[in-house]
Amino acid sequence: MPDTSVATGDQLIIAGKAYSSRLIVGTGKYANYAQNAAAAEAAGAEVVTVALRRVNVADKGSDRLVDHLDPKRFTYLPNTAGCFTADDAVRTLRLAREAGGWSLVKLEVLADQKTLYPDMQETLIAAKALIADGFDVMVYCSDDPVYARKLEDVGCCAIMPLGSLIGSGLGIQNPVNIRLIVEQARVPVIVDAGVGTASDATIAMELGVDGVLVNTAIAAARDPIRMARAMKHAVIAGRESYLAGRMPKKRYADPSSPLAGLI
Amino acid sequence: MNVFLNGEPASAPDVVTVAAFLESLGMPLKGVAVERNREIVPKSMYGSVRLTEGDRIEIVQFVGGG
């Protein structure tokens, strides 16, 4: 059913495919895959990030992600979480393409365990290799506008700067840089990481980003399904607010009621 | 013969294709990818690629992640 709360025709286009939802959700840290599926549903998400891991050979009967989130219904966006070199990231995504058959991927090459901050040099190396190999690369990156530009120049199909550290819930720590990245980008900009609550998602969208990627803020909420719904509305509110154009800020009051005709 | 399966020592029949090896493990073929000595084995090759002694086999699938 089309979401009538979103302006018609306002679509997010990534690598040539149109999406009406601007909220991408992760599938990590949920109590179970059933809750995960219910949250993705409540978020109105069309794209979900997924990880690639070794099959547990001893426990083949365990629940599988694909049994709960149908890859025909949700666009699976395989990630490279846990990869600390370009080689590992490229290897992981080649396996992901073989497992799923899709070439749209989320590249992240991390620098250290404590911050999970992206290693931009390795990220750029991996991005080039993947694009040469036919992948559509959405790239997790720092909020450095210079590296964002370089990643776009080598052909990444979406730039995904962090709002703050992965899983931190600290919100949008550097709105000025996010705005600089938005202004220069010719591909979608999606804030990935750091969103802690619904208002953070709205703040990101009001900066003019094209979408928001949320995992922990939903999965670690007391009521994940309700938070998923809140995020959906927050992203729509931020997008509409950005498109509507906010009023100028003033230092003094400006009455909303007419001054004429006062008794 | 001895191989490594997902990093752990494992035994496999002396003459076995990737397809037969997966079947012997009771592994679903859908949604998994197989790597042999760091080279992807495409699904179309499962029936023809044979394991050899000491092969390092990785079988991966999608799980939840952010």
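## Strand pairing around S5 of chain B

Two strands count as paired if DSSP finds at least two bridges between them. In this predicted model, Leu5(B) stands opposite Ile57(B), a residue of strand S5(B), and the pairing to which this position belongs joins strand S1 (residues 2-5) of chain B to S5(B) by two bridges, with the strands running parallel. Strand S3(B) is also joined to S5(B), here through five bridges and in the antiparallel sense, and within that pairing Val34(B) has Ile59(B) as its bridge partner.

S5(B) also pairs across the chain boundary, since strand S4(A) and S5(B) are matched antiparallel over five bridges, with Arg53(A) standing opposite Gln61(B). Seven of the nine residues of S5(B) are buried, so this strand is largely enclosed by the rest of the structure.

## The contact between the chains

The contact between the two chains draws 30 residues from chain A and 27 residues from chain B, and together the chains bury about 2,500 Å², of which 57% lies on carbon and sulfur atoms. On the chain B side, the residues that lose the most area to chain A are Gln61(B), Phe62(B) and Gly66(B), which together account for 29% of what that side buries. Gln61(B) is also the residue of S5(B) that faces Arg53(A) in the strand pairing described above.

## Helix H1 of chain A

Helix H1 of chain A covers residues 33-43, and its buried residues are Tyr33(A), Asn36(A), Ala37(A), Ala39(A), Ala40(A), Ala42(A) and Ala43(A). These buried residues pack against several elements of chain A, including strand S4 (47-54) and helix H9 (224-244), and also against strand S5 (56-64) of chain B.

At the N-terminal end of H1(A), Asn32(A) acts as a cap, with a side-chain oxygen 3.2 Å from the backbone nitrogen of Ala34(A). Just after the helix, Gly44(A) takes a positive phi of about 65°.

## Nonpolar cores

The largest nonpolar core has 70 residues, and the members that touch the most others are Leu107(A), Leu151(A), Val209(A), Val212(A), Ile218(A) and Met231(A). Helix H3 (residues 86-100) of chain A supplies the largest share of this core, namely seven residues. A second, separate core holds 20 residues, among them Val57(A), Leu5(B), Leu25(B) and Val41(B).

Ile218(A) offers a view into the larger core, and when its neighbours within four places in sequence are left aside, this residue is in contact with Val25(A), Tyr30(A), Ala39(A), Pro224(A), Met227(A), Ala228(A) and Met231(A). Of these contacts, Ala39(A) is one of the buried residues of H1(A).

## An open sheet in chain A

Chain A also holds an open sheet of three strands, in the order S6-S7-S8 and with parallel pairing. Strands S6 (104-107) and S8 (158-161) stand at the edges with a single partner strand each, so one side of each is left without a neighbour in the sheet. Neighbouring strands of this sheet are turned by 20° against each other on average, direction ignored. Between S6(A) and strand S7 (residues 136-141) the parallel pairing runs over four bridges, and Lys106(A) stands opposite Met138(A) there.

## Positive phi outside glycine

Although it is not a glycine, Ala15(A) has a positive phi of about 50°. Ala15(A) lies in the loop between strand S1 (12-14) and strand S2 (17-19) of chain A, where it counts as partly exposed at 42% relative accessibility. Arg38(B), likewise not a glycine, has a positive phi of about 70°. Its place is the loop between strand S3 (32-36) and strand S4 (39-41) of chain B, and Arg38(B) is exposed, with a relative accessible area of 54%.

Note on methods
Residues are numbered from 1 along each chain as its sequence is written. Chains are lettered from A and ligands numbered from 1 in the order in which they are written. This is a predicted model: local features need pLDDT of at least 70, side-chain atom pairs count only at pLDDT 80 or more; totals for chains, interfaces and linings use all residues. Side-chain values use heavy atoms; hydrogens and water are left out. Axes are lines fitted to C-alpha atoms, for helices over the stretch in contact, and angles run from 0 to 180 degrees between N-to-C directions. A nonpolar core is a set of buried Ala, Val, Leu, Ile, Met, Phe, Trp, Tyr and Cys residues joined through side-chain atoms within 4.5 Å. Buried means under 20% relative accessible area, exposed over 50%, partly exposed in between (1.4 Å probe, protein chains only). Contact means heavy atoms within 4.5 Å. A polar contact is a pair of N or O atoms within 3.5 Å; within protein, one must be able to donate a hydrogen and the other to accept it, and residues adjacent in sequence count only if both atoms are side-chain atoms. Buried area is the accessible area (1.4 Å probe) that two parts lose on being put together, summed over both.
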